[in-house]
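Take a moment to look over the sequence and the model together, and keep both in view while reading. The paragraphs that follow go from one part of the chain to another.

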Amino acid sequence: TVVTISGTNFGTNLATLKVYFNNVQATVQTATNTSITAVVPNAAGSGVVKVEKTPAVTVNGPAFTYLFPGATLTVAGGATAGFADGTGTAALFGNPSGITKDAAGNLYIADRNNNRIRKITPDGIVTTFAGSGSGGAIVNGTGTAAGFYTPYGITSDAAGNLYVGEYSNQAVRKITPAAVVTTLAGNGTAGNLNGTGTAATFNQPVGLAVDASGNVFIADYINHLIRKITPAGVVTTFAGSGIAA
């Protein structure tokens with residue numbers, strides 16, 4: 001891994017510069033007066049980044065966290081099912097089943113058994129983005145005033161809108177970056193009808209993807225179909241005959 005270290009007065013003479021990660025010396029690739037690129041030593045471990053410049057100048061930078069190839073890091077949640085907002089492993093989830101990420105690096109989770117959409121910041125802070133947790137019928141609204149019933153799949157578009165496939169309410173919901181929840185299509189009744197908005201029906205919409213034009217594609221599980229929803233909410237059958245094969 002090559003990292004860039006920013007600072008001042010580094011100079012451009014590579015022979016005068018040394019970089020250490022957790023006291024393991026790195027290979028310096030390039031240097032300008034304000035930046036150095038260096039290759040992280042294999043298995044350096046986690047520790048302080050240190051820059052030395054001859055003669056006798058040593059500067060300690062921030063801590064560097066090294067993850068070995070194949071290492072797994074828990075961002076949030078623990079081994080216990082439940083519901084709790086918090087940071088890292090202090091937060092709890094109930095069968096999280098879908099995940100997506102926005103341009104700022106925030107993660108959004110379809111927290112299925114908690115009937116909520118949860119948000120995880122890059123720092124691991126977990127909050128409830130939308131959903132009251134009560135389950136039951138479709139309820140539109142903002143943030144925790146909205147109601148979901150087993151949200152399963154989730155995806156996001158370039159504008160930061162979220163789209164949620166709602167397993168038990170047979171609907172596809174839309175959530176704006178301001179957490180305003182509306183029903184894009186579906187009405188709570190299981191079926192296989194094309195149409196616009198709540199005139200359309202699904203049977204367990206569980207997987208979603210969105211294209212660059214804002215069309216949402218749905219894996220309509222029990223119907224054995226791929227459905228398409230335009231930004232205006234017009235639902236059509238994109239692929240599949242409806243017969244399992």
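Strand β7 supplies 6 residues to the lining of the largest pocket, and no other element gives as many. This is a predicted model, and the pocket in it holds about 300 Å³ of space. Altogether 21 residues line the largest pocket, and those that lie nearest its centre are Ile5, Ser6, Phe10, Val51 and Val59. Besides β7, the strands β1, β2 and β6 each contribute at least two residues to this lining.

From the pocket we can turn to the nonpolar cores. In soluble globular proteins, nonpolar side chains tend to be buried together. The largest nonpolar core here has 17 residues, and the members that touch the most other members are Ile5, Val19, Phe21, Ile36, Val40 and Phe64. At least two residues of this core come from each of the strands β1 (2-6), β2 (17-21), β4 (27-31), β5 (35-39) and β6 (47-53), and β2 gives the most, with 3 residues. Ile36 is a good residue to select in the viewer: leaving aside residues up to four places away in sequence, Ile36 touches Val3, Thr4, Ile5, Phe10, Leu17, Val19, Val28, Thr30, Ala31 and Val51. Apart from the largest core lies another one, made of 13 residues, and among them are Phe129, Ala130, Phe148 and Ile175.

The next topic is charged side chains. The structure contains 5 salt bridges, and one of them joins Arg118 to Asp85, with the closest N and O atoms 2.9 Å apart. This pair connects distant parts of the chain, since Arg118 belongs to strand β11 (residues 116-120) while Asp85 sits in the loop between β7 (57-64) and β8 (86-87), 33 residues apart. Are the two partners buried or exposed? Arg118 has a relative accessible area of 0%, and because buried means under 20%, Arg118 counts as buried. Asp85 has a relative accessibility of 38%, so Asp85 counts as partly exposed.

Arg118 also forms a salt bridge with Asp111, and here the closest N and O atoms are 2.7 Å apart. Asp111, at 0% relative accessibility, is buried. Asp85, Asp111 and Arg118 are thus linked in a network of salt bridges. Elsewhere, Glu166 forms a salt bridge with Arg173, where the closest N and O atoms are 2.8 Å apart, and both Glu166 and Arg173 are buried.

Finally, consider how some of the strands are arranged. In what order do the 5 strands of the open sheet stand? The order is β13-β17-β16-β15-β14, and the pairing is antiparallel. The strands β13 (141-142) and β14 (151-156) stand at the edges and each has a single partner strand, so one side of each is left without a neighbour in the sheet. Within this order, β16 (residues 171-175) and β17 (residues 180-186) run antiparallel and are joined by 5 bridges. To see this pairing at the level of single residues, find Val172, which stands opposite Ala185 in β17.

Methods
Residues are numbered from 1 along each chain as its sequence is written. This is a predicted model: local features need pLDDT of at least 70, side-chain atom pairs count only at pLDDT 80 or more; totals for chains, interfaces and linings use all residues. Side-chain values use heavy atoms; hydrogens and water are left out. Two strands pair if DSSP finds at least two bridges between them. Helices (H or I, at least four residues) and strands (E, at least two) are DSSP runs, numbered from the N terminus. A salt bridge is a side-chain nitrogen of Lys or Arg within 4 Å of a carboxyl oxygen of Asp or Glu. Buried means under 20% relative accessible area, exposed over 50%, partly exposed in between (1.4 Å probe, protein chains only). A nonpolar core is a set of buried Ala, Val, Leu, Ile, Met, Phe, Trp, Tyr and Cys residues joined through side-chain atoms within 4.5 Å. Contact means heavy atoms within 4.5 Å. On a 1 Å grid over the protein atoms alone, a cavity is a set of points where a 1.4 Å probe fits but cannot get out, and a pocket is an open set with protein on both sides within 12 Å along at least five of seven lines; lining residues have an atom within 4 Å of a point. Grid points are joined across faces, edges and corners, and a volume is the space filled by probe spheres set on the points.
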